Amino acid sequence: MSALACQPAATANVYLKFSLRRSAWPAASALLATLLSACAPLPPATEAAAVSAPSATSTAPRASGRTGSEALARMAPPALRPDRLGDPAKAVQQSLYDLELPEVDEQGIASWYGPGFHGRKTANGERFNQYELTAAHPTYEFGTQLCVRSKSTGQAVVVRVNDRGPFAKNRVIDLSKAAAEEIGMLGKGVKTVEIYKLDDGQDSCPEALLAANN
C-alpha cells in the first residue's frame, strides 16, 4: 500500500477535502474507511500465533481403531504350546533319580503278630503293645529304627525293634498289628517288603521312598 494510505486519519481527511469535489464525498468517505482499516494496528504476536496455529484436534493422528483388549493382546507374551510343556511323568521320574533311592538293606516276607501276644513281655523286657509301631527282628539291636516298605502297595512305616523273631521259616521281620495296618498287610497276613536301616536320630523313611509312594 502507498505511503498516503498509512497517514493518520486527520491528514487523509484534509487531503480529501482539498483534492475532491463536494459531489464526490460519498465515495471519498468509503475510501477513508478503507484507509483507516488498512492502517489498524496488528494483533499481538501471541494472538496471531493462536489464529494461525492449526487446531490440535484437526492435526491429531487418527486412532488406529484397535480396542484396549486388542492392544493388551499384542503386548502379552505368546501362549505356551501344549507340545512344549513336557511330560509330567518324566519330570517325576527325573526327580526320583535326582533324590537317589537308598540301597535296600534287606528284603523278604514280613508277617505280623498282635492279639495273642498283647501285654506279654518282649525280648528287651517291655510289654508288647500291638497298637505301637514296633517289630521283632532276629539280629538288629534293640531300639534300632527301621523303614519297612511294602513292595506291592508302596506304603512304608517306621518301626522300632523291641523283640526277637520271627520264628517262622522264610520270614525276615514280624510287625506289630499297628505297623502291619500302616502298609496294608492285615488282610493277607504276609507281604514282601524292603527294609532300610535308619541312621541314629532319623525317624522317617528316606525322602525318595516317600516321593515314590506319591
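**Notes on the predicted structure**

1. The largest pocket in this predicted model is lined by Tyr113, Phe117, Arg120, Lys121, Thr122, Phe128, Ala136, Asp163, Arg164, Gly165, Phe167 and Asp174. Sorted by the character of their side chains, these lining residues divide into 5 nonpolar, 2 polar and 5 charged, and the pocket that they surround has a volume of about 190 Å³.

2. For orientation, it helps to go through the elements in order. The protein contains 8 helices and 6 strands, and, read from the N terminus, these follow one another as α-α-α-α-α-α-β-β-β-β-β-α-β-α. Among contacts in the protein with a separation of 6 or more, 71% are between residues 24 or more positions apart, and 26% of the 214 residues count as buried.

3. The interior deserves a careful look. In soluble globular proteins, nonpolar side chains tend to be buried together. Here the largest nonpolar core has 17 residues, of which Leu146, Val148, Val159, Ile173, Leu175 and Val193 touch the most other members. At least two residues of this core come from each of β3 (145–150), β4 (156–163), β5 (171–176), α7 (177–182) and β6 (191–197). There is also a second, separate core of 6 residues, including Cys147, Val158, Leu198 and Cys205.

4. Which residues does valine 148 contact, once its neighbours within four places in sequence are left aside? They are Gln155, Ala156, Val157, Val159, Ile173, Leu175, Ile183, Val193 and Glu194. Val159, Ile173, Leu175 and Val193 also appear, together with Val148 itself, among the core residues that touch the most other members.

5. The structure holds 2 salt bridges, and one of them joins glutamate 126 to arginine 160, with the closest N and O atoms 3.0 Å apart. Glutamate 126 lies in the loop between β1 (106–113) and β2 (134–136), whereas arginine 160 belongs to strand β4, so this pair ties together parts that are 34 residues apart in sequence. Glutamate 126 is partly exposed at a relative accessible area of 26%, and arginine 160 likewise counts as partly exposed, at 26% relative accessibility.

6. A salt bridge is also formed by the side chains of arginine 149 and glutamate 194, at 3.2 Å from N to O. This pair links distant parts of the chain, with arginine 149 in strand β3 and glutamate 194 in strand β6, 45 residues apart. Are these two residues, arginine 149 and glutamate 194, buried or exposed? Both of them are buried.

7. Serine 150, which is found in strand β3, is buried, with a relative accessible area of 0%. The C-alpha atom of serine 150 is separated by 6.2 Å from that of threonine 192, although the two residues are 42 residues apart along the chain. Apart from neighbours within four places in sequence, serine 150 is in contact with Gln155, Ile183, Lys191, Thr192 and Val193.

8. Threonine 134 offers a further example of a buried residue, with a relative accessible area of 1%, and its place is in strand β2. Not counting residues up to four places away in sequence, threonine 134 touches Phe128, Asn129, Val159, Arg160, Asn162, Asp174, Leu175, Ser176 and Ala179. A reader who traces these contacts will meet some names again: Phe128 and Asp174 are among the residues lining the largest pocket, and Arg160 is the salt-bridge partner of glutamate 126.

Methods
Residues numbered from 1 in each chain as written. Predicted model: local features only at pLDDT ≥ 70, side-chain atom pairs only at ≥ 80, totals over all residues. Heavy atoms only, no water. Core = buried A, V, L, I, M, F, W, Y, C linked by side-chain atoms within 4.5 Å. Buried < 20%, exposed > 50% of the residue type's maximum accessible area, 1.4 Å probe, protein only. Helix = DSSP H or I, 4+ residues; strand = E, 2+ residues; numbered from the N terminus. Contact = heavy atoms within 4.5 Å. 1 Å grid on protein atoms, 1.4 Å probe; cavity = no way out; pocket = protein on both sides within 12 Å on 5 of 7 lines; lining within 4 Å. Points joined across faces, edges and corners; volume = space filled by probe spheres on them. Nonpolar A, V, L, I, M, F, W, Y, C, P; charged D, E, K, R; others polar. Salt bridge = Lys/Arg side-chain N within 4 Å of Asp/Glu carboxyl O.
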